[in-house]
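This briefing concerns a protein model with a bound ligand. It is intended to be read alongside the sequence and the three-dimensional view shown below.

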Amino acid sequence: MTKSLYNSFSEALDLKKKLLAILIDPEKFELKNTASFLRNLPLETTHLFVGGSTVPEGITEDLVKALKNCTAKPILLFPGDVSQITNDADGLLFLSLLSGRNPEYLIGQHVKAISKLRGSSLEIIPTGYILIDGENESAVASVTQTKPLPQTAVQPIVDTAKAGELMGAKLMYLEAGSGAKVPVSSEIISAVKQELNIPLIVGGGIKTKEQIKNAYSAGATMIVMGTAFENNFPI
Ligand code: 1GP
């Protein structure tokens with residue numbers, strides 16, 4: 001790959017291009033469906049994310065290898081923990097759960113990841129990760145033992161995102177949680193967008209064309225969709 005993965009984000013931000021990532025949770029995916037799953041994805045799909053909150057060891061690598069056999073789209077790891085890191089992917093969102101106060105997900109997992117990342121060819125992208133209440137108990141909240149920020153806490157969300165950017169995050173991910181009843185509001189996306197100079201990723205509970213349009217118009221550079229494609233039926 002000649003262009004770096006991060007370039008595709010910064011270029012999209014500069015040129016106001018829309019990125020769409022489809023998230024595949026290895027725990028909920030059958031490898032035999034790989035080719036048909038990829039065929040059914042929307043043409044607008046630019047990236048594949050692979051990860052989940054509770055993924056058994058080893059199956060992430062099998063999934064990434066199967067995807068690589070069928071597609072040239074960039075594959076970014078979106079790992080729930082260090083066991084999901086595999087060199088077979090193209091890149092890694094090095095996530096820091098900024099909305100929580102659990103040191104394990106702010107720095108602990110990151111230190112544990114280093115022995116795997118030393119000498120790795122993965123493109124590592126520092127990413128601030130902010131969990132926002134999607135009106136559904138999310139797997140992220142239960143696994144990390146952290147609480148989401150309420151959707152009404154617009155200023156604390158903006159301040160958290162800005163702090164993450166100043167600490168060196170290259171991407172900011174606003175997450176309502178997989179299967180959220182309510183996606184991150186346009187008000188939050190546009191308030192964060194006004195203060196940050198890095199690309200915004202928005203995911204959790206996005207299912208309809210209207211929700212996609214709203215998130216992009218509010219300032220998302222990338223939208224992530226997972227649940228809507230889990231049963232192999234496109235929107
Ligand atoms: C979850 O943001 C992603 O981490 C995608 O959420 O599964 O609700 O699309 P959905």
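The points that follow treat the ligand site and then the salt bridges. The model is predicted. Its ligand sits in the largest pocket, and a search of the whole structure finds eight salt bridges.

**Surroundings of the ligand**

- The ligand has 13 residues around it, and those that come nearest are E175, S178, G179, G205 and T227.
- Sorted by class, this shell comprises eight polar, four nonpolar and one charged residues.
- Glycine is counted among the polar residues in this classification, so G179 and G205, both in the group that comes nearest, fall in the polar class.
- E175 is also in the group that comes nearest, and because Glu counts as charged, E175 is the one charged residue of the shell.

**Polar contacts and cover**

- From the side chain of E175, a polar atom lies 2.4 Å from an oxygen atom of the ligand.
- G204 approaches the ligand through its backbone, with an N or O atom 3.0 Å from a ligand oxygen atom.
- The backbone of G226 likewise places a polar atom 2.8 Å from an oxygen atom of the ligand.
- On its own, the ligand has 310 Å² of accessible area, of which the protein covers 97%.

**Salt bridges**

- K17 and E11 form a salt bridge through their side chains, with an N to O distance of 2.8 Å.
- K17 counts as partly exposed because its relative accessibility is 41%, a value between the limits of 20% and 50%.
- E11, the partner of K17, has a relative accessible area of 27% and is therefore partly exposed as well.
- A further salt bridge joins the side chains of K68 and D90, at 2.9 Å from N to O.

Methods:
Residues are numbered from 1 along each chain as its sequence is written. This is a predicted model: local features need pLDDT of at least 70, side-chain atom pairs count only at pLDDT 80 or more; totals for chains, interfaces and linings use all residues. Side-chain values use heavy atoms; hydrogens and water are left out. A residue is near a molecule or strand if one of its heavy atoms lies within 4 Å of it. A polar contact is a pair of N or O atoms within 3.5 Å; within protein, one must be able to donate a hydrogen and the other to accept it, and residues adjacent in sequence count only if both atoms are side-chain atoms. Accessible areas come from the Shrake-Rupley method with a 1.4 Å probe; for residues, only the protein chains shown count as cover. On a 1 Å grid over the protein atoms alone, a cavity is a set of points where a 1.4 Å probe fits but cannot get out, and a pocket is an open set with protein on both sides within 12 Å along at least five of seven lines; lining residues have an atom within 4 Å of a point. A molecule sits in a cavity or pocket if more than half of its atoms lie within 2 Å of its grid points. A salt bridge is a side-chain nitrogen of Lys or Arg within 4 Å of a carboxyl oxygen of Asp or Glu. Buried means under 20% relative accessible area, exposed over 50%, partly exposed in between (1.4 Å probe, protein chains only).
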